[in-house]
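Visitor: I am new to this structure and would like a close look at a single part of it. Please show me the model before we begin.

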Amino acid sequence: TFLTGIIIVIYAGKYFIYRFLGELLGLRAMTANLNSTILIFNKGLGLFLFPIIIAIPYMTEIIQEVIFFLGLALISVIYILRLFRELRIILKKQFPILYLILYLCALEILPVLVMGKLLNILIIN
């Protein structure tokens, strides 16, 4: 539940940061498009992961492990596809490259690194 709370805080924070930056930079339509893209990809991911989550308790340990790693692979693939879609949106709108680099580092890569560090701490302890 702690990890779920952290994920919710990260996504809510990203949503409000996008909204704030859209207002600040006068790019309200583009940030709304980015937010809707994120929501669509996350809902699609949820539709694919729901049967996996339901099926895991009823399988043997070996199959659970395989299904778990397939789920992680699916999350990674969807995340990469979402990043490519967001990059296409940003590049289509003639967004400055400096802002693109800041966007990738601050709003996409940093939360993934934080989540990885938290998972590492939770798994080790």
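Visitor: To what does the accessible surface of the protein come, and what share of that surface belongs to carbon and sulfur atoms? After that, please take me to Arg82 and say whether Arg82 is buried or exposed.

Guide: A word on the source: this is a predicted model. The accessible surface of the protein comes to about 9000 Å², and carbon and sulfur atoms make up 77% of that area. The protein is built from 4 helices and 0 strands, so from the N terminus on its elements read α-α-α-α. Along the principal axes, the C-alpha trace spans about 55 × 30 × 20 Å. Of the 125 residues, 22% count as buried. Among contacts with a separation of 6 or more, 68% are between residues 24 or more positions apart.

Now to the part you asked about. Arg82 lies in helix H3, which covers residues 61-92. Arg82 has a relative accessible area of 2%. The cut-off for buried is under 20%, and therefore Arg82 counts as buried. Leaving aside neighbours within four places in sequence, the residues in contact with Arg82 are Tyr11, Lys14, Ile38, Phe41, Asn42 and Glu108.

Several of these partners can be placed in helices. Tyr11 and Lys14, both in contact with Arg82, fall within helix H1, residues 2-25. Ile38, Phe41 and Asn42, also in contact with Arg82, fall within helix H2, residues 28-55.

Helix H2 also holds Asn35. Asn35 has a relative accessible area of 7%, and because the limit for buried is under 20%, Asn35 is buried as well. Not counting residues up to four places away in sequence, Asn35 touches Tyr15, Tyr18 and Arg19.

The surface offers a contrasting view. Leu25 is found in helix H1, and at 36% relative accessibility it counts as partly exposed. Leu25 belongs to a nonpolar patch on the surface, together with Ile17, Phe20, Leu21 and Leu24. The accessible area of these residues together is about 460 Å².

Last, the charges. The protein has 10 positive and 5 negative charges, and the mean positions of the two groups are 14 Å apart. Arg82, the residue you asked about, is buried at 2% relative accessible area, and Lys14 and Glu108 are among the residues in contact with Arg82.

Notes:
Residues numbered from 1 in each chain as written. Predicted model: local features only at pLDDT ≥ 70, side-chain atom pairs only at ≥ 80, totals over all residues. Heavy atoms only, no water. Helix = DSSP H or I, 4+ residues; strand = E, 2+ residues; numbered from the N terminus. Buried < 20%, exposed > 50% of the residue type's maximum accessible area, 1.4 Å probe, protein only. Contact = heavy atoms within 4.5 Å. Areas by Shrake-Rupley, 256 points an atom, 1.4 Å probe, with all protein chains shown as cover. Lys, Arg positive; Asp, Glu negative; His and termini not counted. Charge placed at Lys NZ, Arg CZ, Asp CG, Glu CD. Patch = residues over 30% accessible without salt bridge, like charges linked within 9 Å, V, L, I, M, F, W, Y side chains within 5 Å. Salt bridge = Lys/Arg side-chain N within 4 Å of Asp/Glu carboxyl O.
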